[in-house]
Structures are given as C-alpha cells and as structure tokens.
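I opened a new model today and kept short notes. My topics were cores, a sheet and a serine.

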Amino acid sequence: MQVLKFGGTSVANAENIKKVKEIVSQSVQDKCIVVVSALGGITDLLLQTLSLAAARDPEYREVLKVIEERHLTTIRALLPVAKQSTALSKVKSELNSLESLVDGAFLIGECTPQLSDKVVSFGELLSAYIIAQYFQSEGVDAIFKDSRELIKTNNAFGKAAVAFEETNKLCMEYISDTGSKITILPGFIASSVTGNATTLGRGGSDYTAAVFAAAISADELQIWTDVSGMFTANPKLVSQAKAIAEISYQEAMELSHFGAKVLYPPTIQPVLAKGIRIRIKNTFDPEASGTLISKGQVQTGRTVRGISNIQDIALLSLEGPGMIGIPGISKRLFEVLSQSEISVVLITQASSEHSICVGISVEEAEKAEEAVNEAFAYEMSLGKIKPVIVEKDLAIIALVGDHMKSHQGLSGKMFSALGKNNVNIRAIAQGASERNISAVIAQEDVKKALNTLHEEFFEENIKQINLYMMGAGNVGGKLLDQISQQQSYLKKNLKLNLRVIGISNSRTMIFEEKGIALDRWREALEQGQAADLELFLSTLQKLNYRNSIFVDNTASETISDTYAHLLKESISVVTCNKIACSSAYDNYQKLKALSREYNAPFLFETNVGAGLPIIDTLKHLIASGDRVHKIQAVLSGSLNFVFNNFNGQHTFHDIVKQAQEQGYTEPDPKIDLSGIDVMRKILILARESGFKADLDQIENDSFLPRESLETKNNEDFFASLKKHEQAFQNLYSKAQENHCKLKYVAEFENGKARVGLQQIPEGHDFYNLEGSDNIVLFFTERYPRQPLIVKGAGAGADVTASGLFADIIRIGNF
C-alpha cells in the first residue's frame, strides 16, 4: 500500500492537477491514500485576508474574492459542465463559512490562534474536495475524506501535536472499512480531541502523509513536488547541484533541518520506527528516479551526501569571567530561551567556559536578547557577565553525510576551501556523530560558500574561475579570443571552467552572471551600459563569486590603485599594467603582503617581457635559494623594433611612427623612447630579486633630446623627432663605424640599476636580437659565468595576452 502526497505547486492549477491524476492512475495498484496541499499560494492568501481583517482593513474582502475565483476557475477547468453544479455549490457554501469567520475577525479587530487554524484549514479542504470530484469525473475510483476525522491532536493551535494512539486506531479502521481504491485527504489539518480544527504547522501536509503512512504500515511514502528529489545543494543557488539517488533517514533529517525545503523535517519521524521508505519525486518529470530515503546507511556514493543552509540566523553570545567553572550557566541560558519559546538551531561553547554561543532565528533575536539580559541582570551588574552580544545578517551552512566520521580531513578541507574564497566563519558546531559539520557565515556569502563547497566535494575536480576584464582593446580583445578558443580544452584537460562575468573598456561595460558569450562579446559590449569603474568594482564584490580574478589589461594608474582593495576581498589580480609594481617600494610590498594575507594571488608576469616566463623563472631561482648578482637585458620590444629597423634608409621619425601604428609602442610612444618603461621593468626585476629599490634610484641615460622629452602631446613629440633627425642619424653612424648595433639595455648589478642606449659588438648575446624580441641574462651564484638566458618575443598583443592567460591558468591550478 502506498501513500502519495502532492504539494502546492503540484496542485497549483487545473493543468497540474491533471498531471497528478495521470501519476496516481499509473502508479496505484492497490488501495492508496493521496494527501494534497492547498492550491499553490492559497494558504498565504488565507493568512493575508485574516491579517487584513484583524487590522480592520476592508481590503480583506478583495483577497476573499481572489480566493473564490481561484477555486471556481479550477472547478470549471477540470469538471465537465454537467458535473460542475454540485461542486460549485459545495465550494461556494464553504467559502461563505470562510467569509463569516473572517468577518468576525474584522468586527472584533483581532485574530486568535484557534481562529487562524480554522481559516487556513479551508485551503486544503477545498483543494482535496475539488481533486476528488475531478478524479470521480474521470472514472477514477476515488473518494474525499476529511483528515480532521482521522488525525487527532492536542489544542496547541498553529502547531498541534498528534495524539498517535487514537490517530493510528482511526486510520486503521478507515482503511479497513473503505471500499474505495483511492482516498483523497487534505494535508496540514487535523482536529483536537475536543473537536476543534487544528493544523500541524507549515509543511504539515508532508507530516499528514507520514502520520497516515505509519498508521497503516504503508510500503512506501511518496512525496511529489516540483524538483526531482533531494539535491546535493539548493539548485537555485548552485547550478551544478545533482539529485541524490539514495540517502538515509538520518542524512535526510539533517539536510531538511538545515534548510533543504523539499522535505518537512518532522515528516521522517513517524515512518522512521517502522522503516517505511520515502521517495521524493517530481510531478513535472515523473520519469526521473528521484531520491529514495531508507533506514540503513547508504554504502555507495560520496562521503558528503549534501550541503544545506539556513538563512536569517542571529548569533547570541553570552560571555564573561564569571562563567568560568560556575555550574548551571548553560542550564539557565537554555531555560530562559525555552520559556520564551525560542528554538535554538546551533550551539557552540569554548572549552574555557568563558563564552557560550547559540544560533537562533533572526526574528526572535530581540526577544531573546531582552530575556537573557533580564535573567542574568545581577551577574551583569557585578561585571561577571557581559550584556548579550547579538549578531545578525548571518546564515548556517552544513555538510551532511553518514560516513563523514570515518574520513579524516573533511573539516580541514571545508574550512580551507571557504578561507581561500574569503568566507569568514563566525562559529562552528559538530556533533559527536560527525554526521553534520555546521558553520555560521555572513548571509551575503551563502551563495559563494555553497558553490565553493559543492565544487570541492561533488564536482569532478572541475574548478570554476570567474573573470572580470578591465580593458578590452588590443591586448584585452586578444585575451578574450584566446579564452574563447581554449575553453573546452581547459575544461577537458585541466579541469578548469573559465567564465568571463564582466568586461569594461573606457566607454561601456557589461555583466552576465552566468558568463558572457565570448563568440559575441564585442557586440554585447558595444550595447553595454556606460563604463563606471566604481560601479564595476562594486558589482564584482556584490556578485561575490568564488575564485574571482580581476584582469587589468590597461596602463591606467587609477585602475592600479584598486588592487589593494581587491586583494583585501580575496579577489586575485592578474595585470600587464606595470604601474603598481613599479610604484613606491612600500606600495609594492603592501600589495605582495595583502596577496599572502588574503590568499589572493597577485600575478604580473607580463610586466616584463610580455608572454616570456621571465618573472616566473626569477621567482623559481629565488625560491630555490639562488641569489642574483647581475641582470643584463633588452626589455623593450618597442625599442628593439625601432633600432632593428633604423638602418639609415628611413628617418627615425618614420620608424617610430611605424612602431606605433603596428602596436609595438604605448599609445604615447614617448613612454617607450624615454626609457621610463624599461626603467619600470628593471625595477620590477630588481625587486623580485629581493632588493629594495625605487624608480628615482635608476640611472637613465636617455638618447632623446631634451626638447623631445618635454613635449606634451604626440604631435609635438613627432615634430621634435623630425627636428632632431640628424642627432639620431649620428647615433646610427657611430655604431656602424664601430661594427656595432644599437640596443637599449637595462642593467642591474650591486644593488644599482641603469638603462640607456648602448653599442653592442658582434658576438654579444644581444647582437643578433631580431624584431621586437626581448632577452634577459641572469648572472647568479649558480650561473656565475654562463648566465641563465630567457629570450623571445617581448612585445605584441598576442604574446602579452598569452602571458596574461598563463597567469590566469596558474591561479586556476593554485
């Protein structure tokens, strides 16, 4: 024998009720009990009309009209015209009784718990009656039975306790005597032993079904809802959540207690003792297997079975030196809360006995604070105990699983994953059974925490990386195209799922929480909202995604000034912008320290040599214990391009113009030709080598005339190059006379750095450096005479983008 329960969404309208009839008709072989909730949303409307009436607001009559129309419309949609009259007459009669009760509340201006129970009971009564009439009209052997005649309770209105002995007897007698194959019962409602209408609390339709299943020793209790079972996490918050095929009673109770709304927590209790299976099924996908809840521990599957959460939690902390070693403090605290009818969700106490902390519903926080302060007023007046501390805007997340006890390191794995994503834990609780590990966190971090833990414990080691791109020009555009090209490869081979959540250029910006479609990002950005750096950063923080990386593809000092703030929020930074790392030494050190403190990588490989692994190589040398004695380098792809192509056949002006047009220089080419860009690069290498240095300590032997250096715009700069063409030709001629080539060289030795144009003789490592290539020679303790050399393309949008991409992948593998 089976008991089937259908929730409010399953019976929300005529179309859904037809689905219910099909499910019941196909699955029932023997006698069957079908428990139904009120039509979706009706219970809330009933409570609303009663509340308005008690407040003497005549608007309650409009809500009554809505309730009436919903039911009458459903009847007309389900029943043939010839069979509507009886049902319409019955429902209108019941609605008249409802109106009389609500009118009474309007007249006296108040609502009692007993009246509330009577009013809300109409939802399930009308729903069950209409569904029974529809089943009969379709030729199904079904009958309506009022649950108030079978389930008996005490007089605790609003959340009555079942009198099981009498209830079990009445249910068994009914099932033995009824000749109907299917009985339709209203859920949620019951009656007291004195004959008053009562309710079993919100979610009580599940409980009604469980009580009846236990009373008649059913083979299985099926809960039909709008999702395909219990999930590994809330699918509305975690898109990768999966249905759990099988789970134990204890695991299901833990998950439902901690917010898994598919199952009402008390539902399991009546069927637990009799070992009756519970199956959660989807009314809208009846072929899905759903979740089976059974008595024994499930031996297969993952150690952690699910992750759940409770929103709107407040932490109540009682602490003080007068609590240490004093018996009865905890007892008094819990007595006070119990007497105030405040339910405690979580408890944690320091081993020093200096403090005790409890989690409660935020709605009860003020009442609890007042009651506890009053109970301990004497100790507080003596300074032995401090006034209660109340923290709000919190939530609880919990890992659940029967086999967690036998697996080491789960707590560490949980807290490490949360810590890496800047989720601060306010309190921790774990029972001796170790079936549940709970943590209190900020409510704003719930979505990030759930996704982080789900990725850690349930996904096939695929790590989701969320990217925010600042700058979508030459380099930024190439990077986005490279990511688009490699997305499937990274997911398959490196288990990395890269999503670009936000893109901004100097004009517009776009956000897409599920990831921007990279095959049409240019069109989307063109239609985006006006660019606003402050709004871009605040949106990044508000989204609060795990594994977030801010990618700076600009040369903006304003953007670089945001790095410290981002790192403090545990948002990683990848940048080709050299300004931050070549700024004041204290700022550089601060950024590195923040990266370590907040576990947020700060990577800037492309600051030197574009995509060449120069900084990465240097880091490995230092980390392995080597020491740098000298660095010699050609670090400007732009200047190398200029001097490789300046051969006496073209003017210096024309070569620089060509370099600018081909993207080898900054938009302002004076930055490159003045040597400031090379100064920044050698400064960064000196700092990464472990030396304290600042930009003003670097000697710059500039080859540009002073007039060129002092120009204020590109037009004047190029004009000055034409004016001083002979000086540039002289530089070239002298190098030719000495059988040398001109290279702009950066050097660091004995703690000092300098940059300048040099004549490089044949046979030198720099002599045959072609195009826009870079080269770095590291002379170290391990490489004293034959230096370690890194050489290759050191400029260009493609290679710079690939360097940024490599840093992103490094963080993904972090």
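I looked up the largest nonpolar core first and found 74 residues in it. The model is predicted, so I treat every entry here as computed. The residues with the most contacts inside this core are Phe 550, Leu 635, Phe 652, Ile 682, Leu 685, Phe 703 and Phe 778. Helix α25, residues 676-688, gives the largest share, seven residues. I then noted another core that lies apart, with 56 residues, including Leu 72 and Phe 135.

Next I listed the contacts of Phe 652, leaving aside neighbours within four places in sequence. Phe 652 is in contact with Val 642, Phe 643, Phe 646, Leu 673, Phe 703, Leu 721, Glu 725 and Phe 728.

I turned to the sheet. It is open, has six strands and runs in the order β26-β28-β27-β25-β29-β30 with mixed pairing. Why is one side of β26 and of β30 without a neighbour in the sheet? Both stand at the edges and each has a single partner strand, so one side is left free of a neighbour. The twist averages 20° from one strand to the next.

I checked one edge. β29 and β30 pair in the antiparallel sense over six bridges. There Phe 778 stands opposite Leu 788 in β30.

I looked for helices on the sheet. α25 lies across β25, β26, β27 and β28, at about 40° to β27. α28 lies across β27 and β28, at about 95° to β27.

Last, is Ser 205 buried or exposed? Ser 205 sits in helix α7. Its relative accessible area is 6%, under the 20% cut-off, so Ser 205 is buried. Among the residues Ser 205 touches are Lys 5, Val 35, Glu 124 and Phe 188.

Key:
Residues numbered from 1 in each chain as written. Predicted model: local features only at pLDDT ≥ 70, side-chain atom pairs only at ≥ 80, totals over all residues. Heavy atoms only, no water. Core = buried A, V, L, I, M, F, W, Y, C linked by side-chain atoms within 4.5 Å. Buried < 20%, exposed > 50% of the residue type's maximum accessible area, 1.4 Å probe, protein only. Helix = DSSP H or I, 4+ residues; strand = E, 2+ residues; numbered from the N terminus. Contact = heavy atoms within 4.5 Å. Pairing = 2+ DSSP bridges. Axes fitted to C-alpha atoms, helices over the stretch in contact; angles between N-to-C directions.
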